[in-house]
Structure formats: C-alpha cells, structure tokens
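The following exercises concern one protein model. Each task is followed by a solution that proceeds step by step.

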Amino acid sequence: MSYDIADAPEDGEVITLADEETGELDVPENPIIPIIHGDGIGTDVGPAAQTVLDAAAEATGRDIAWMRVYAGESARDKYDENLPDETVEAIREHRVAIKGPLTTPVGSGFRSLNVALRQTLDLYANVRPTYHLDGVPSPVKEPGEMDMVSFRENTEDVYAGIEWEAGTDDAEKVREFVEDEMGFDEKIHDGPVGLGLKPISEYGSKRLIRQAIEYALANDRDSVTLVHKGNIMKFTEAAFRDWGYELADEEYGEETITEDELWEEYDGEAPDDKLVVKDRIADNMLQQLLTRTTDYDVLAMPNLNGDYLSDSAGAQIGGLGIAPGINFGDGRALAEPVHGSAPKHAGQDKVNPTAMILSGREMLDYLGWSDAGDLVRDAVEEQIASGRVTYDLERQRDGATKLATSEFADEVVERIHDLA
Ligand code: NAD
C-alpha cells in the first residue's frame, strides 16, 4: 500500500512470507523496517537504538531502510490521532518492526496503545530474554546464572478479562447466574462484590507453547517450563499445563521428553537431542528463580503469571534499563523494551538505551541476522563492562563515568566497528 503520513524510505525491499505454514520469512539484505521512537524517553532511546542497529547491519553487509511511523504523542502532534491506521498497516505489511515505549493514562483516557498494537496485529507471544551482561549491577550474588527466555501469552487470561463492578445490576445478574443457574451457591460473600472472568483457551495456550518449544529447539535450549496456578484453578491454569503436555507429545514427541521420563528413563541426565518439558506452580517458580536459577531456561506462561515472573526475572539481571522484549505472531514480530516512557526523564539525553538496543538485537535475530545480533550484544556488554555508562548504572558502580544516552550509543557504535 502507499503511505501518506509515515516517512517511507526511498529504497529498501519488503520482507515477505516464505512459508505460510511455518511463518518463515524471506528477508532481503535491505529490508524496510518500521520504527516508532515512542513517548517520553522514547525520544532519547529510539534514535540511539536506531544508530546502533544501523551500525550492526552495515558491519555485516546489510542495510536497514527505516520507515519512521507514529503512535502516541508524536501521532497526536502530527495527525491528532493516538494510533493512526497507517501505523498499524505499515507494521502489518512489513512484518518486522521495533517500537519504543508509549504512555498510557492511568484509570481513564484511551486504552493502552501497546496492548492495542499487540492485539490488532495478533502478536500473541510476549518474549523477554533475561541474561546478565558483565558489569551490570544486580541485587543477587550470581546474576550470571540467569539465562532465561519468558514466553508470556499476550491475548487472553486477564488481558481479555471481563469484569463487573461491585454494586451494579450487571454484577448482581452474574452473581444470580453463577449461584442459581450454575449451582455455585454460597461461594460468593453477600453484599457488593466485583466479579471477573478470565478466558484461557486451548487454541491460545497451544499456539503460545508451540512458539516456546520452537524457540527452545531452534536455539538449542535444555527445557521448557509451563508455569501455572493449576492447583487452585483447574479449568484455566491446569488446563494450560495439560494442553502444553498434550502439544509436546502430539507435535514434538520425537524431540521432547517430560520431567518424569527424564528421571524414569534417563536417570536425570537429558540426552543432548531431547528438550525437557516440565511444569511448576507459579508461586514456587518465583522462589526457584532465585534459589535454583540454573534449572530454568525457556518459560511458557499465561498472561498474568508471565507479567509477574518476567519482571521479577528482569530485576535479577539489572532491571528496566536493561530488559529487552519482542512480541511474536505468526510470521510477524514487534520488538520493544520492557520499560515504559518514564516521563520525568524524557528528552534529557540521560536514560539508558540498552533495553531498546537489546530489543533491536532480538529483532535482528528474528530476521535471521544473528551475526549482527551477536555484534550488538558483545559491543553493549564491552561498553558496560568498561564503566562508561548512563546515570542509572553509574550511580550504582564505584569509579564509573556517566555518559549521556547519545554518547553511550555512539561509543557502542565505535565498538561495533572495532569488533566487526
Ligand atoms: P517506566 O518503565 O516508564 O519507569 C519507571 C522508572 O524506571 C523510571 O522512573 C526510571 O527511574 C526507570 N527507568 C525506566 N526506563 C529506564 C531507562 N531506559 N533507563 C534508566 N532508567 C529507566 O514505568 P512507569 O513510570 O510505571 O510508566 C510510565 C508510562 O509508561 C506509563 O504511561 C505506562 O503506561 C507506560 N508504559 C509503557 C510500556 C510500553 O510502552 N511497553 C511499558 C510500561 C509502561
């Protein structure tokens, strides 16, 4: 399609789908990639990440044709709209994109643009890699033990939750239906009550867990852990677990074994060519992130468990300034840092661009450019280890030097040139 409001590049080619079934892409050497810099500190970290990703692409013989698209504040300023259709269509057409954070008003106003984008584009897996970079301060003793990737379901559970406000006629209607027609008498206390419904479907669970297993197999990972609260919620959380095991057995029977089989048939030592599929109850999993970190590799989770677990895991490896993310759909991906728009630091050329840069690294990997992705990671790690860092890391380290966002990015670019 032609675009009126996006800044379309003059050259560059469109990424296409090579295989409908697997979602495999045909990626040219000069792909058009839409970018939303984002609100608040997005105006600082967006351009910084773009510079670093350009350097990594060029150092590996490629060229990214950026297509600047708008959402949030920048879209309101320019076009008086929060999320122009063109922005959504540009991402849909070009298949792989990257965005900075977008502000969501609390309690009122428009709904989250981040959630709207993920849902409109059916980007059903929110993927957060958590690995430690040398030199990043952490609250735990051995942050290097963590090398995990969380797959959080993005479209159902509480994200598709339906709620009825306490004291309303609708809430009373639902109460009557549940008590009188469904036979759950005396389950709900008398008096005003808020009620909620959270859907967890076989379709939604299996496609998320399939992505997690595919990722684990492609990246030579050891295990996929299904994290649920199935001891309490049997028909939603336990069902998620059961569908996971069913999927592993039916679609990946040759490549996977369960934890029971690991002990019964292999004495606890998984053969190199087998991926272990196991499950943990969510509260126990939160403990084990800290106490048995090395036992966990890829995690697959419904929406709410994934929210808590991935933030907690992110804290162990250095927190928001560092934590990258990417959302996967079928043959589509939108990279974005975990952090928000941190309005109080906006436009000061101050915050850490690492999370957005490393989200870009996930995007490069998704394109099949893992050589470029590795360059980005190595250069960022060297830079942080050198002690020349942004304020958030500088204040936690003795003898470190404080750099602006743009200075940090420029030095990472220099390192990419040196490493290439
Ligand atoms: P936030 O992540 O924006 O900021 C919380 C604090 O974390 C900041 O005050 C800052 O101290 C620190 N921080 C965050 N990013 C940093 C960076 N790159 N470098 C250094 N320090 C950093 O969270 P918030 O204040 O809860 O949310 C602000 C806005 O962002 C809200 O409107 C929220 O809805 C939105 N949000 C957007 C996304 C997204 O776009 N995906 C994600 C989370 C929050």
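**Exercise 1.** How many bridges join strand β10 to β12, and do the strands run parallel or antiparallel?

*Solution.* The model is predicted, so local features need pLDDT of at least 70 and side-chain atom pairs count only at pLDDT 80 or more, while totals for chains, interfaces and linings use all residues. Residues are numbered from 1 along each chain as its sequence is written, and side-chain values use heavy atoms, with hydrogens and water left out.

Step 1. Locate the strands: β10 covers residues 223–228 and β12 covers residues 275–281. Strands (E, at least two residues) and helices (H or I, at least four) are DSSP runs, numbered from the N terminus.

Step 2. Count the bridges: β10 and β12 run parallel and are joined by six. Two strands pair if DSSP finds at least two bridges between them.

Step 3. Check one position: Thr 225 is found opposite Lys 278 of β12.

**Exercise 2.** Describe the other pairing of β12 with β11, and the unit that contains both strands.

*Solution.* Step 1. Strand β11 (residues 256–258) pairs with β12 over three bridges, in the parallel sense. Thr 256 has Leu 275 in β12 as its bridge partner.

Step 2. Together with helix α8 (residues 259–266), β11 and β12 form a right-handed β-α-β unit. Right-handed means that, with the strands pointing away from the viewer, the path from the first strand over the helix to the second runs clockwise.

Step 3. Assess burial: six of the seven residues of β12 are buried, that is, under 20% relative accessible area, whereas exposed means over 50% and partly exposed lies in between (1.4 Å probe, protein chains only).

**Exercise 3.** Which annotations does UniProt list for Asp 307 and Ser 112, and is each residue buried or partly exposed?

*Solution.* Step 1. In an unreviewed entry, UniProt lists Asp 307 under "binding site" and Ser 112 under "modified residue: Phosphoserine". UniProt positions follow the numbering used here, feature names are shortened, and annotations may be inferred rather than shown by experiment.

Step 2. Place the residues: Asp 307 belongs to helix α10 (residues 303–316), whereas Ser 112 is in the loop between β5 (96–99) and α4 (113–120).

Step 3. Apply the accessibility classes: Asp 307 is partly exposed because its relative accessible area is 27%. Ser 112 counts as buried because its relative accessibility is 17%.
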